[in-house]
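Open the model in your viewer and keep the sequence panel beside it. The tour below goes stop by stop: select, look, move on.

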Amino acid sequence: MQTSIDLVRRHPARYRVLTGDRPTGPLHLGHYFGTLQNRVRLQQLGVELFVVVADYQVLTDRDLADRPAGHAEELVLDYLAAGVDPDRATIFTHSAVPALNQLLLPFLSLVSVAELGRNPTVKDEIAHSRQGSVSGLMFTYPVHQAADILFCKANLVPVGQDQLPHLETTRTVARRFNDRYATAVFPEPEALLSEAPLLLGTDGTKMSKSRGNAIPLGATEDRTARLIRGATTDADRRITYDPVGRPEVSSLVLLAALCQGREPAAVAEEIGSGGAAALKRHVTEAVNEHLRPLRARRAELAKDRAHLRDVLRAGNERANALADATLSEVRHAMGMG
Ligand code: ATP
Ligand code: MG
């Protein structure tokens, strides 16, 4: 189930948003155009915003969480630089909110092992995993995400396309909980996709923090140029916008179009027969120009690490109060207290 930003614009007070990211590295252009811009837009419409730094979820496919605390602050830095207002948003780490995690037990009882095994995003992540064995968390983290979303009763989740199966899991959990315990504790949340629900990385697969194919938001202009220069394209000198037939070239065209607020077909037309080199020069300029103000804000905000920690501390406090209240409701509905 998906909704559109126009629908939200008509009734912003009806919505509450939760979304988040794993602290596995700095945010990239896929995050920015896939979900982060929508978070900011929704907040500007007056919708209440919750953002989870999904630190427990790092354990899904890592032996050692790679400096998760430092990465959490980096995420906050990216959020604030992109325009999230920390005074109105609740930004928290889920390991700091025990009652949220406790929801996982009743939620896991509501889905079957067969359902967990059918999740196409989980299958794709296993295929790209560099680990020798697949952890149990790989199959259950979508249910953990249901706890992230439902602890604050969010009904709107701005995400990339890879998250749609997980959101279906959340809807299933909410519906089954309400049915099994004859209650109306949880809403069935809807996804909000952007114009770039699946931005490709420099190797032509989904841009991901952990695949070494990302263009970080906070990269310097030179590094951005280098990364784009190394992106996979094809040999056809005529640049066209054809996401199905020419996914790599089209993802670059889309990137430029999003940065410039133009139609992708018009961008492709302008580059014409210039080939991949002209396309890459165009994209590099568009990205660097679009991100210049964000990067300047980011550099400014990075000077005050204590502020980033304060934002998380305040968010954790607020999230704990809500999670405690929801867990009480859940336990009551289940006849446990
Ligand atoms: P990792 O490789 O560690 O899983 P990731 O790059 O996939 O990192 P996540 O933290 O898993 O990032 O995803 C956070 C959010 O960003 C999700 O809503 C996801 O859908 C969105 N997102 C991530 N990558 C892209 C992309 N390439 N295009 C659009 N949205 C994306
Ligand atoms: Mg991911």
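What follows is a walk through a predicted model, from its domains to its strands, its ligand and a few loop residues.

**Stop 1: the two domains**

Colour the chain by domain. The domain assignment gives domain 1 as 2-198 + 305-333. Domain 2 covers 218-301. Put a centroid on the C-alpha atoms of each domain: the two centres are 29 Å apart.

Now select the residues where the domains touch. On the domain 1 side there are 10 residues, in contact with eight residues of domain 2. Which elements give two or more residues to the domain 1 side? They are α2 and α3 (68-82). Of these, α3 gives the most, with five residues. Colour that side by class. Eight of its residues are nonpolar, two are charged and none is polar.

**Stop 2: from β2 to β3**

Stay with α2, and show the strands on either side of this helix. The chain runs from β2 through α2 to β3, and this β-α-β crossover is right-handed. Strands β2 and β3 run parallel and are joined by six bridges. To find the register, select Val-17: this residue stands opposite Leu-49 in β3.

Next, select 48-53, which is strand β3. Is this strand enclosed or open? Five of its six residues are buried, so β3 is largely enclosed by the rest of the structure.

**Stop 3: on to β4**

Step across to residues 89-93, strand β4. Here β3 and β4 pair in the parallel sense, over five bridges. A marker for this pairing is Val-52, which stands opposite Phe-92 in β4.

How many of the residues of β4 are buried? Five of its five are, and the strand is mostly covered. Show the side chains. In a regular strand, side chains alternate between the two faces of the sheet. On one side of β4 look for Ala-89, Ile-91 and Thr-93. On the other side look for Thr-90 and Phe-92. Both faces are covered, with these residues all buried.

**Stop 4: the ligand shell**

Centre the view on ligand 1. Its shell holds 21 residues. The closest are Gly-30, Gly-34, Gly-160, Ser-208 and Ser-210. Two elements give two or more residues to this shell: β2 (16-21) and α2 (29-44). The largest contribution comes from α2, with four residues. So this helix appears both here and on the side of domain 1 that touches domain 2. Colour the shell by class: six residues are nonpolar, 10 are polar and five are charged.

**Stop 5: Lys-209**

Select Lys-209, in the loop between β6 and α10. Is this lysine buried or exposed? Lys-209 counts as buried, because 20 C-beta neighbours lie inside 10 Å, and 20 or more is the cut-off for buried. Leaving out residues up to four places away in sequence, Lys-209 touches Thr-24, Gly-25, His-28 and Ala-214. For a longer ruler, draw a line to Tyr-15. Lys-209 and Tyr-15 are 194 residues apart in sequence and 29 Å apart in space, C-alpha to C-alpha.

**Stop 6: Leu-193**

Go back along the chain to Leu-193, in the loop between β6 (190-192) and α10 (221-229). Leu-193 counts as buried, because it has 20 C-beta neighbours inside 10 Å. Measure from its C-alpha atom to that of Gly-160: the separation is 6.1 Å, with the two residues 33 apart along the chain. Gly-160 is one of the closest residues to ligand 1. Beyond residues up to four places away in sequence, Leu-193 touches Gln-2 and Gln-161.

**Stop 7: two positive phi values**

Finish with backbone torsions. Most residues other than glycine have a negative phi. Two exceptions are worth a click.

- Lys-153 has a phi near 55 degrees. Find this residue in the loop between α8 (136-150) and β5 (156-158). Lys-153 is partly exposed, because 18 other C-beta atoms lie within 10 Å.
- Ala-182 has a phi near 45 degrees. Its place is the loop between α9 (164-180) and β6. Ala-182 counts as exposed, because it has 7 C-beta neighbours inside 10 Å.

Conventions:
Residues are numbered from 1 along each chain as its sequence is written. Chains are lettered from A and ligands numbered from 1 in the order in which they are written. This is a predicted model: local features need pLDDT of at least 70, side-chain atom pairs count only at pLDDT 80 or more; totals for chains, interfaces and linings use all residues. A residue is near a molecule or strand if its C-beta atom, placed from the backbone, lies within 6 Å of it. Ala, Val, Leu, Ile, Met, Phe, Trp, Tyr, Cys and Pro count as nonpolar, Asp, Glu, Lys and Arg as charged, and the others, Gly among them, as polar. Domain bounds come from an automatic or database domain assignment. Two residues are in contact if their C-beta atoms, placed from the backbone, lie within 7 Å. A residue is buried if 20 or more other C-beta atoms lie within 10 Å of its own, exposed if 12 or fewer, and partly exposed in between; C-beta atoms are placed from the backbone. Two strands pair if DSSP finds at least two bridges between them. A crossover is right-handed if, with the strands pointing away from the viewer, the path from the first strand over the helix to the second runs clockwise.
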